[in-house]
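Please open the model in a viewer and keep the sequence panel beside it. The tour below proceeds selection by selection.

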Amino acid sequence: MEKDFTVRIAGADFYARQQGDKPRAVFLHGFGGDLHTWDGVWSELACAVPALRYDLRGFGRSTSHDDAPFDHADDLLAILDATGIGQCDLVGVSMGAGIALNFTLDHPGRVRNLVLISPGLVGWEWSAGWQSLWRPIVAAARAGAIDEARRLWWQHPLFASTRSSAGGQALFDSIMRYCGAHWIRDNHRLKLPDVERLCLLEARTLLLTGGRDLEDFRLIADLVAASARAVQRVELPGAGHLLHLEDPAGCARQLLAFLCPARAP
């Protein structure tokens with residue numbers, strides 16, 4: 001049984017979906033996505049992991065009330081407090097994984113287990129190759145050509161393997177739903193780079209990576225694996241960036257084995 005609801009905190013309304021009673025896990029989506037990108041994984045989990053997922057601020061059906069600076073990790077803390085979740089298993093993909101890692105470093109007592117899927121990293125210095133592909137997307141959005149920005153994002157090499165997978169349609173649909181607000185004006189508060197404190201990560205961590213992911217994300221994953229203290233890395237050689245869309249069943253199996261080993265097949 002799933003239920004949808006709105007979490008209202010100062011400055012924003014967050015659209016959320018809960019599976020099962022008393023959620024123990026929280027799922028964070030990637031850039032340009034929304035909570036529906038987890039549909040396949042949640043279907044496979046079938047309530048084995050009571051969980052909460054929500055649209056990050058400015059994505060999906062979550063809205064800001066003003067243009068004040070914000071922080072995704074602060075939003076997560078407020079949502080956990082508002083929903084009565086004291087400690088959670090935190091699962092994130094791409095940007096969502098970067099937020100999950102940042103939150104865990106800021107609030108280690110609130111995270112029981114951490115799952116990072118193709119993680120980004122707060123404060124990461126992106127390569128020249130990445131920036132050369134990102135700038136035209138931002139320029140199109142700021143010129144009012146949101147459809148063109150969405151098209152460029154859909155065609156980004158980051159999603160090459162996802163486009164040709166069974167999850168390609170879900171990716172396309174999520175990008176077409178994205179309003180483009182963060183390309184036009186990103187009000188996220190600037191933060192110090194998390195690469196400087198990866199060595200402080202003590203939470204039990206599952207790191208899922210695809211062998212066909214782009215260089216920036218491969219390097220981030222390598223740094224997490226080399227720097228943190230309790231990381232179990234699972235590499236899927238034939239997969240790309242969005243493992244949860246390319247292989248939701250396999251992703252769910254990895255999550256279940258890590259979070260609920262007694263229930264894993």
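Select helix 4 (128–142), which supplies the largest share of the lining of the largest pocket, 4 residues. The model is a predicted one. The pocket itself has a volume of about 1000 Å³. To find its centre, select Phe 31, Met 95, Trp 126, Trp 134 and Asp 186, the closest to that point of the 37 residues that line the pocket. Then add helix 3, helix 7 (168–177) and helix 10 (243–246), which, together with helix 4, are the elements that give two or more residues to this lining. Colouring the lining by class shows 18 nonpolar, 15 polar and 4 charged residues.

Remain with helix 7 and select Leu 171, which is found in that helix. Is Leu 171 buried or exposed? Leu 171 has a relative accessible area of 4%, and is counted as buried because that value is under 20%. Display its neighbours next: leaving aside residues up to four places away in sequence, Leu 171 touches Trp 154, Phe 159, Thr 162, Leu 242 and Leu 245. For a distance across the model, select Cys 260 as well; its C-alpha atom is separated from that of Leu 171 by 28 Å, and the two residues are 89 apart along the chain.

Return to helix 3 (95–106) and show helix 2 (72–83) with it. At what angle do helix 2 and helix 3 pack? The angle is about 70°, and the axes are 9 Å apart. Since angles of 65 to 115 degrees count as roughly perpendicular, the two helices are therefore roughly perpendicular to each other. To display the contact, select His 72, Ala 73, Leu 76, Leu 77 and Leu 80 on helix 2, and Met 95, Ile 99, Asn 102, Phe 103 and Asp 106 on helix 3. The residues of this contact divide into 7 nonpolar, 2 polar and 1 charged.

Keep both helices visible and turn to the cavity search. Over the whole structure, 1 cavity of 30 Å³ or more is found, and the largest cavity holds about 40 Å³ of space. Which residues line the largest cavity? Select Asp 71, His 72, Ala 73, Ile 99, Asn 102, Val 122, His 188 and Lys 191. Helix 2 and helix 3 are the elements that give two or more residues to this lining. Its composition by class is 3 nonpolar, 3 polar and 2 charged residues.

Move next to the second largest pocket, where about 200 Å³ of space lies. The selection for its lining is Arg 57, Gly 58, Ser 62, Thr 63, Ser 64, Asp 66, Asp 67, Phe 70, Ala 181, His 182, Arg 185 and Asn 187. Strand 5 (63–64) and helix 8 (181–184) are the elements that give two or more residues to it. By class, the lining of this pocket has 2 nonpolar, 6 polar and 4 charged residues.

Finish at Lys 22, located in the loop between strand 2 (12–19) and strand 3 (25–28). Lys 22 has a relative accessible area of 76%, and is classed as exposed because that value is over 50%. As a last selection, add Val 49, which is 27 residues from Lys 22 along the chain; the C-alpha atoms of the two are separated by 10.0 Å.

Definitions and conventions
Residues numbered from 1 in each chain as written. Predicted model: local features only at pLDDT ≥ 70, side-chain atom pairs only at ≥ 80, totals over all residues. Heavy atoms only, no water. Buried < 20%, exposed > 50% of the residue type's maximum accessible area, 1.4 Å probe, protein only. 1 Å grid on protein atoms, 1.4 Å probe; cavity = no way out; pocket = protein on both sides within 12 Å on 5 of 7 lines; lining within 4 Å. Points joined across faces, edges and corners; volume = space filled by probe spheres on them. Nonpolar A, V, L, I, M, F, W, Y, C, P; charged D, E, K, R; others polar. Axes fitted to C-alpha atoms, helices over the stretch in contact; angles between N-to-C directions. Parallel < 35°, antiparallel > 145°, perpendicular 65-115°, else oblique. Contact = heavy atoms within 4.5 Å.
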